[in-house]
Structure formats: C-alpha cells, structure tokens
Amino acid sequence: MQTVFKRPHALTAKPFHYCPGCTHGVIHRLVAETLDEMGIEGDTIGVAPVGCAYNNYEYFNCDMQQAPHGRAPAVATGIKRVHPDKFVFTYQGDGDLAAIGTAEIVHAAARGEKITTIFINNAIYGMTAGQMAPTTLIGQVTMTSPYGREADTQGYPINICEMLATLDGPAYIERVAANGVRGIMAAKRAIKKAFQVQKANLGFSIVEVLSTCPTAWGLPPAESMKWMEDNMVPRYPLGVFKGKDLEVG
C-alpha cells in the first residue's frame, strides 16, 4: 500500500502534551516538514522557550537547547556565532518573546543576527493560567484583566512584526495564521522561506503565527478558531512586512 501521509522524520513519535484545539502541534509539524524538505535536520539547532512549548525539545529530532525565559534570541545568537554553518531557530510564544524577551528579540533583529524565529501569538499566557500578555486585545478578558483589557491602565497590544519591520537588521518578516487549510499552507510557505533566508545568509527572519488557546480563552476549539479570525486578524493583519521581493530557494 502506498503511503500518502506520514510523520516527518524531524518530528519524534512522542505524543504532544498540548490542549485540544491548540495549534502548537500543527506548527511543530510545519517546522519539521521544512527541515525534512530542506534536508537540514542534522544541521539544525533549535532553542526551546519557557511557556506552553517549553519541552519542544522532546518533539523535534534536531539538536535542541533550552533557554531561560525570554532569552531564546540571545542563546540562539551565541549558538549561531559559534556554529555559523548551522541552521538556528527559536520557537517562542507571546509571553516569552513579547514580554520578558522584548529586549532580546529587538536587539537580535537590529543586529541582523542570522537566525530564524517562529513566534506563536495566541494573545494570552497559556501555560500559567491565562494572564494578560503584551498581545492581549483591548477588551479581552483574562485572569489579570477580568473586565477586559483597558488601554488607559494596561496599554495597547504590541504588534511585533510591524515594530521589528522598522529596523534595518531583519531580512524577512511575515505574519500568518494557523486557520484552516489555506492558512496552514501559507504558514508552511512562510516558515520554509524564513529558513531559506538563513540558508542564503541574508540576515534575521521571523514568522509570527496567530494561534488559538481554547483553554485559556474558555472556548471550544471550533469557536476559538473563529474568535481568532474575527478578533485577532483585524488587529494583527496577515502579510509580509519585510522581504516581500526576496528571491530565495
């Protein structure tokens, strides 16, 4: 019998621990498919975050390094400079990257470090009970904004892609969403392009993937997907913010 669909080699057989409806598993697969297709699994070093994906070193077959909370870009910078021939990526959530790790991601991007960042934005702290994150929307209810986020007292959401696009260092910045077949296919193309940018030695690249958090949002998986589409996409528009005309591959 012909095999038409199988687990990527770069993905281990260990079952994911993520909640039902969470798209971390889907995004893991897209990264693993990219490593397989580019034939770089043995030359790749990933940096695991602190957050829901803290143990993704158990899911990827490539070499992995754990980083302190928010410091993944700094750790990745050190790895890439010691091993410039390796493909180095960070995989981070919004609390890890956009809160405690803001300085690290901004300065890694400003320096044009030749690393790839996969940034998962679900607008909330998922692992630690659902507190407000820097990406939480105005009016969104969380454990620490029980009446909805208020701009006057809690500030506005941070659009990471738009902010980093003002810097000279990044070569490629794109925002996608893990919503449906078309969205997932677009996310795969973006992730692969980000690794191709690194292969071409062009500079820093980041792919932001809008994701769901059914548990912390208090919604069933299907409703969570619709909530993301109706509420997150208008605030975080999809598209390429830098490097649209890059020729890589």
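Reader: Why does Lys188 count as buried?

Author: This is a predicted model, so everything here is computed from it. Lys188 has 14% relative accessibility, and buried means under 20%. Its value falls under that cut-off, so Lys188 counts as buried.

Reader: What makes Lys188 and Glu37 a salt bridge?

Author: Their side chains meet at 2.8 Å, N to O. The rule asks for a side-chain nitrogen of Lys or Arg within 4 Å of a carboxyl oxygen of Asp or Glu, so this pair passes. Lys188 sits in helix α7 (residues 180-199) and Glu37 in helix α1, so the pair ties together parts that are 151 residues apart in sequence.

Reader: Which label fits Glu37, and why?

Author: Glu37 counts as partly exposed, because its relative accessibility is 47%. The label covers values between the 20% and 50% cut-offs.

Reader: Which residues are joined with Glu37 and Lys188 into one network?

Author: Arg29, Glu33 and Lys192 are in there with them, joined by salt bridges that share partners.

Reader: How do you know that Lys14 and Glu58 form a salt bridge?

Author: The N to O distance is 3.9 Å, and the cut-off is within 4 Å, so the pair counts. Lys14 lies in the segment before α1 and Glu58 in the loop between β1 and β2, 44 residues apart. Both are partly exposed: Lys14 has a relative accessible area of 41%, and Glu58 has 30%.

Reader: What makes Glu113 buried and Arg111 partly exposed?

Author: Glu113 has a relative accessible area of 6%, and under 20% means buried. Arg111 has 45% relative accessibility, which puts it between the cut-offs of 20% and 50%. Their side chains meet in a salt bridge too, at 2.6 Å, N to O.

Reader: Why is Tyr57 called partly exposed?

Author: Because its relative accessibility is 35%, and partly exposed runs between 20% and 50%. Tyr57 lies in the loop between β1 (44-48) and β2 (63-66). Together with Tyr54 and Met127, Tyr57 forms a nonpolar patch on the surface, with about 290 Å² of accessible area together.

Reader: What makes β2 and β7 the edge strands?

Author: Each pairs on one side only. The open sheet has seven strands in the order β2-β1-β3-β4-β6-β5-β7, with mixed pairing.

Reader: How do you know that β4 and β6 pair?

Author: Six bridges join β4 (residues 116-121) to β6 (residues 204-210), and pairing takes at least two, so they pair. These two strands run parallel. In β6, Leu210 is the bridge partner of Asn121.

Note on methods. Residues are numbered from 1 along each chain as its sequence is written. This is a predicted model: local features need pLDDT of at least 70, side-chain atom pairs count only at pLDDT 80 or more; totals for chains, interfaces and linings use all residues. Side-chain values use heavy atoms; hydrogens and water are left out. Patches are made of residues with over 30% relative accessible area and no salt bridge: like charges are joined within 9 Å, nonpolar side chains (Val, Leu, Ile, Met, Phe, Trp, Tyr) within 5 Å. Accessible areas come from the Shrake-Rupley method with a 1.4 Å probe; for residues, only the protein chains shown count as cover. Helices (H or I, at least four residues) and strands (E, at least two) are DSSP runs, numbered from the N terminus. Buried means under 20% relative accessible area, exposed over 50%, partly exposed in between (1.4 Å probe, protein chains only).
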